Structures are given as structure tokens and as C-alpha cells.
Amino acid sequence: MADYVSPWMDEELELFRDNVRKFIAREIKPHEERWADQQHVDRELWSKAGQAGLLGTDVPEEYGGAGGSFAHESVVYEELAYAGNTSWAKAVHEIAAHYIVGCGTQEQKRDWLPRLVSGELVGAIAMTEPGTGSDLQAVRTRAELRGDEYVVNGAKTFISNGHVHDLLLIVCKTGKNEGAKGISLLLAETGKLEGYRRGRILSKIGQKGQDTSELFFEDMRVPAENLLGGREGQGFYQLMNQLPRERLMIAVGGIAAAEAALRHTIEYCSARQAFGQSVLSFQNTRFRLAECKTEARIGRVFIDHCIAQLNRGELDAETASMAKWWATQKQCEIVDACLQFFGGYGYMLEYPIARLYADARVQKIYGGSNEIMKELIARGLHA
Ligand SMILES: Cc1cc2nc3c(=O)[nH]c(=O)nc-3n(C[C@H](O)[C@H](O)[C@H](O)COP(=O)(O)OP(=O)(O)OC[C@H]3O[C@@H](n4cnc5c(N)ncnc54)[C@H](O)[C@@H]3O)c2cc1C
């Protein structure tokens, strides 16, 4: 909102924001409908984004990144949300990169990070399986060490960037341990891998331009040195380490989408006439939008607090879970309330508010469902 500026914004970030806006107007906006029809963005978007400095903004410079902070990433997610974009799953790519930054060996960082930052590789992360999502300890994809290779068997589903990725981070079972201690993360360059198959791109109620896909591993062979961090059984710990970042990314996008909904609605209600006056002049409209604006602001201030915490390396799992559930819950409530003021037009996909509505729903489900977020918060309820 124009009347509130996040405390972490500065002149350099303003310039960066301006570049991001121009990039979105030039490289994303004109293609959205086509991407929705084909169910994925064009592969070249990634290299263009790399060239424009939009990938790996907070990856350290020694690995090819821009060496910025999570504030740079937040600027991109905000601008994408303000522009109504949900086709480009940049966040997933950055999540994959940050697993390598946070948990990879020196060789893994040197090998993969520069290529992720340039857009030569597109990242994806495969946790969810047909039989399990929330309960990650129950994954059944198995990687068995044979000589200097892992042989991987299993299936994943709902994987974002599932069609366009080249580097896949796979949550799998290794060794004999069951439960959390048996989980490892394995990286696969999936380009020409035998035994690797991309399944259908799934049809969704929103986020139509995003390739959410099924993936299959049938005796897929991956070099043993691709084990993230080089030690088996570290996967659960690595996930716990990185999930707060993913949850904050979702929350940043959620609040920005709620702000975007408010802007569209105020504009529409000012112009739309009913009973000889603007829809914005009805007290019901004004009060409801005043509530929405207040809630969006509260969300924004809390998210800013979390961004500062993440930048200091202090964002804990509990606070990140609060941000994720609250921001996405409010996003859905605010977008729903806003849509009502469009009357029948709100239900028409040619209006941005209808797309914001359809795109919002999944925010309460992925990245750890909001029920799981409350579980994580509730663990800290001690007398
Ligand atoms: C568009 C989209 C993109 C996605 N992208 C990715 C991706 O890139 N990578 C990836 O790995 N996954 C991805 N997912 C999967 C997503 O993370 C999972 O769908 C989500 O974690 C929930 O898992 P599930 O679907 O198996 O539901 P389940 O785990 O079967 O849960 C079903 C319901 O039960 C509830 N529930 C489960 N356990 C508990 C509990 N202990 N207490 C209370 N309630 C509970 C859940 O909250 C949910 O409401 C994506 C999903 C979608 C829809």
C-alpha cells in the first residue's frame, strides 16, 4: 500500500523493484494467457530472469549470486503478486538453491549454484508422494547405494516446475533406518537420466500457468556424490532447517496478493455505480474494506518482522509457521471479501479478482498445510 513502506526498503531496493516491475511488464505479462493454456512458462523465461539478475538475489556472490538479502527476494515476490502472476514458480527454484547454500558441500555449491543463478538449470523440490504429503517421514521413494551410484525408485506428485526443471531435489529413504533418521535429500540432474519420467501436468483450479506434475523414478541412477551434504540420514534435519524460508516466501506472496486485491477493489468500487452512487460510498463497502485494509497492514508488519528475523538468521520454525498460516488465511478471506464487491464480474476470469481468488486457495495447502502450521505452533504451548 502506498501509505506504508516496509522498514527494510532502501534506495537500492527501490531501483531493484523498478527493474523487477519492468521485467514483469516485458517478459511475463504479455505471455500469461498462453502459459495458462500450455500449463507452463516458457523455458527461456528462466535464462532471461537470470540475465536480468532476478535469480539467486540472496545467493552468496562466491557462488554466482547477487549477494543480497531476503529483502531482494521479497521485492520480487511482492511485485509478482501485485502483477497477479502465479505462473512463474521462482520461489520453488530459490528454495532448491537454498538447500544447496545451507546444506550442500563445497563441490555441490560450486557445481550447481552458478548454474541455478544464471537460469541454465531450473530447480524443483520433490517431497510429496501420491501416498503422503504432510507426513514426510512416510515417504516411500527409496535410494539404494550400489557402488558409486544411488538407484532410485518411487513416485512424486504435485511437483511445481515438474515439467521444466533440470535439477531436482528428491526427498527419499536411504539406508536401513526408518522414520526421520532414514530420510535423505538427493539431487538429480534430470535432463537425460535413464529411469526418470515426467508424468502429467495436473489441471488445477488456479495457478494455471504453473507446471504442477507427477514424476516417476524407475531404477534411476544418480552419482553418489549428489547426496546433499554428503551424509545419509540428514534429510529431515535439512528440511527443518530450510522450511521456515519456504513458509515465509509463501507468506510474503500472500500478503502482497491481499494488498493487490484491495487495490483492484477500491478502483472498481469507485467507478461502479448502483442506486445513483458509487459502490465505494456504501457504508458496508467502506467498513468491510477498512477491515480488510487493517488486516492486510497487520499482516504486512508481522511479515516485515519475520523478514528482518530471517535476514539475521533468527527466524524459527514456530514464527515462520505463524506467518504462513495467518498470511494465507487472511489472503483467502480478504480476496473473498473483495470479490463480493465486484458482483457478478467478480466471478468472471477476465477480472483479476477472480484469478486472485482461484490462485489463493492453494496457499493454505502447500508448503505445509495450515493445519500442520498450527501443529508446529502448538508444540510450543507449554504451561
Ligand atoms: C499447486 C500445488 C503445488 C505443490 N508444489 C509442491 C512441490 O513443489 N513439491 C512438493 O513436494 N509438494 C508440492 N505440493 C504438495 C503439497 O505440499 C501437499 O499437497 C501438502 O503438503 C499436503 O499434503 P497432502 O496433499 O498429501 O495432504 P495430506 O497430508 O493427505 O492431508 C490431508 C488433510 O489432512 C490434514 N492433516 C494431515 N495431517 C494432519 C495432522 N497431523 N493434524 C491435522 N490435520 C492434518 C491436512 O492439513 C489436510 O487438510 C504442491 C501442492 C499443490 C496443490
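Start by selecting α7 and α10: these two helices run roughly antiparallel to each other, therefore look for opposite N-to-C directions (angles over 145 degrees count as roughly antiparallel, under 35 as roughly parallel, 65 to 115 as roughly perpendicular and the rest as oblique). Before you go on, note that this is a predicted model, where local features need pLDDT of at least 70 and side-chain atom pairs count only at pLDDT 80 or more, while totals for chains, interfaces and linings use all residues. Residues are numbered from 1 along each chain as its sequence is written.

**Stop one: α7 against α10**

α7 covers residues 235-271 and α10 covers 352-360; helices are DSSP runs of H or I with at least four residues, strands are E runs of at least two, and both are numbered from the N terminus. The pair packs at about 160 degrees with axes 10 Å apart. Those axes are lines fitted to C-alpha atoms, for helices over the stretch in contact, and the angles run from 0 to 180 degrees between N-to-C directions. The crossing of α7 past α10 is left-handed (the near helix is turned anticlockwise from the far one by less than a right angle; clockwise would be right-handed).

Now show Ala-257, Ala-260, Ala-261, His-264 and Thr-265 on α7, which meet Pro-352, Ile-353, Leu-356 and Ala-360 on α10. Contact here has C-beta atoms, placed from the backbone, within 7 Å. These contact residues divide into seven nonpolar, two polar and no charged (Ala, Val, Leu, Ile, Met, Phe, Trp, Tyr, Cys and Pro are nonpolar, Asp, Glu, Lys and Arg charged, and the others, Gly among them, polar).

**Stop two: α9 on α10**

Keep α10 and add α9, residues 317-340; this pair packs at about 150 degrees, axes 9 Å apart. That makes α9 roughly antiparallel to α10. α9 also passes α10 in a left-handed crossing. Pick out Gln-331, Cys-332, Val-335, Asp-336, Cys-338 and Leu-339 of α9, which meet Ile-353, Ala-354, Leu-356, Tyr-357 and Ala-360 of α10. By type, the contact has nine nonpolar residues, one polar and one charged.

**Stop three: α5 over α7**

Go back to α7 and bring in α5: their axes come within 10 Å and cross at roughly 145 degrees. This crossing is right-handed. From α5, select Ala-91, Ile-95, His-98, Tyr-99, Gly-102 and Cys-103; from α7, Gln-238, Asn-241, Gln-242, Arg-245, Glu-246 and Met-249. The mix is five nonpolar, five polar and two charged.

**Stop four: Gly-253 and α4**

Still in α7, click Gly-253. Gly-253 counts as buried because 26 C-beta neighbours lie inside 10 Å (buried takes 20 or more other C-beta atoms within 10 Å, exposed 12 or fewer, partly exposed in between, with C-beta atoms placed from the backbone). Leaving aside neighbours within four places in sequence, Gly-253 touches Tyr-77 and Ala-81. Its C-alpha is 8.1 Å from that of Ser-74, though the two are 179 residues apart along the chain.

Now color α4, residues 70-82. Twelve of its 13 residues are buried, including Phe-70, Tyr-77 and Leu-80. What covers them includes α1, α5, α7 and α8. Just after α4 comes Gly-84, with a positive phi near 75 degrees.

**Last stop: two glutamines**

Gln-39 sits in the loop between α2 and α3, and has a positive phi of about 70 degrees although it is not a glycine. Then jump to Gln-207 in the loop between β6 and β7, where phi is near 45 degrees.

Notes:
Two residues are in contact if their C-beta atoms, placed from the backbone, lie within 7 Å. The expected span of a helix is 1.5 Å times one less than its number of residues.
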